[in-house]
Amino acid sequence: MKIVGMLGIVLLSLGLGCSRLPSHEPVTVTFLDIEYDTPDRLPGLAQDLEAFTRETGIRVRRLPRPEGSLNQLAMWKELLQKGAPTPDVYGIDVIWSGMLNQYLMDLKPYFGSELSSQDPVVVASYTVGNKLVAVPRHAYVGVLMYRADLMQRYGYHEPPKTWDELERMATRIQAGERAKGHKDFWGYVWQGGVTEDLTCSGLEWQVSEGGGRIIEDDQTISVNNPGTIRAWQNATRWVGSISPPGVVAFEKWDAENVWTSGKAAFHRAWVSDYSLISIHRPPVDATQYDITSMPGGSAGRADTLGGNGLAISRTSAHTREALELIRFLMRRDAELMRATAHSEVPKQPELFDLPAILEPYPQLATSRQHRGSVVARPSVVSGAQYEDVSQAYIRELHSVLIGEKTDCRSSNGRENLLAMAWSR
């Protein structure tokens, strides 16, 4: 009902079914913005859109989104399937390319030069076949935030590079803080609820243990293997020990609330170059927090790719103007990033061994020997079935975390479940 209600509001705001404006009226491009409700994270967007109108004479109507990625995807599908002339520009999640491909323009002929400077993993996530479904905009990556003050207090000079190190550090810091009276302090908080974030965490765990990427490029399923089993068993051990028992119900904001209240030593979070430049929000009770790549296992470190891109509906009534808007927004972001090369680097947070894709301050570039590698979810290879595949994966992993399946090895139907989801 919430989706239907939001869809009705959007359709009314677009004036679908009404007569077109007189030809002398300025063209208005309608932008369905996936980042609409995060003005604190993107404080300059409203000003950018005003500047775009002054520069081009093209107006922009920016539309809201519903809460929750599943609700957003449902609304995007509803609008695109109607084949209406608006919205023109859609902000899309990085995992929606295969699911929305048939409704979106191929942008490769228009943004060839811009793609050459983009990370190959990011570009591939918006490419279906030889078609560029969307232009990558803000690439977010899973990272580990840590309390630098507590690390120093307990004798640690560097953040954990492995899951075993994380567990040892979290255990010691948690015990020490509780001994000081902080009974609700935890070592590590993350997103363990039945959401897409659990797919991201699970992917990082199993890739770091050599368990594969859920579905490989050759379309083989890689889940029921020793590496993935080992990774899931490790995560199950954290629940109720270094992580709250309720972590298996945590969504993004649940984990972030614990972190920002100063009640955790480590936190799995999402950051982009843009957010690292724009916001610095340490926990309330912390003197300092820093950021590093996610820990790794026997096969190295892995950080899941997230973020969003800009796409144009195939039925847009204002294709030329929509292309102009995307070029303008990309140019503004590029100008901001270039400016950081000459700006003063903030003292907090310290950026330690970040994934190579994250370089908001080029002057801080260091050896990449210990950085995490960026891994994409199997959304392109899964195509229209990705949502079913991800939900099947989430159900299996969550059932292990909550103890419904006490032995990871007993889930010998895991790959059959994923195969059925994929073949729908």
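Modeller: In this predicted model, two strands are said to pair if DSSP finds at least two bridges between them.

Biologist: What makes strand β3 and β13 a pair?

Modeller: Strand β3, residues 89–93, is joined to β13 over five bridges in the antiparallel sense, and because a pair needs at least two bridges, the two strands pair. In β13, Asn-308 is the bridge partner of Asp-93.

Biologist: How do you know that strand β12 and β13 pair?

Modeller: Strand β12, residues 296–297, runs antiparallel to β13 and is joined to it by two bridges; the definition asks for at least two, so the requirement is met. Gly-297 stands opposite Gly-300 in β13, and with two residues between them β12 and β13 form a hairpin.

Biologist: In which sense, parallel or antiparallel, do strands β6 and β15 pair with β13?

Modeller: Strand β6, residues 135–147, pairs with β13 in the antiparallel sense over six bridges, and Val-135 stands opposite Leu-310 in β13. Strand β15, residues 373–375, pairs with β13 in the parallel sense over three bridges, where Asp-303 of β13 stands opposite Val-374 in β15.

Biologist: Why is β13 called largely enclosed by the rest of the structure?

Modeller: A residue is called buried when its relative accessible area is under 20%. Twelve of the 13 residues of strand β13, residues 300–312, are buried, and therefore the strand is largely enclosed by the rest of the structure.

Definitions and conventions
Residues numbered from 1 in each chain as written. Predicted model: local features only at pLDDT ≥ 70, side-chain atom pairs only at ≥ 80, totals over all residues. Heavy atoms only, no water. Buried < 20%, exposed > 50% of the residue type's maximum accessible area, 1.4 Å probe, protein only. Helix = DSSP H or I, 4+ residues; strand = E, 2+ residues; numbered from the N terminus.
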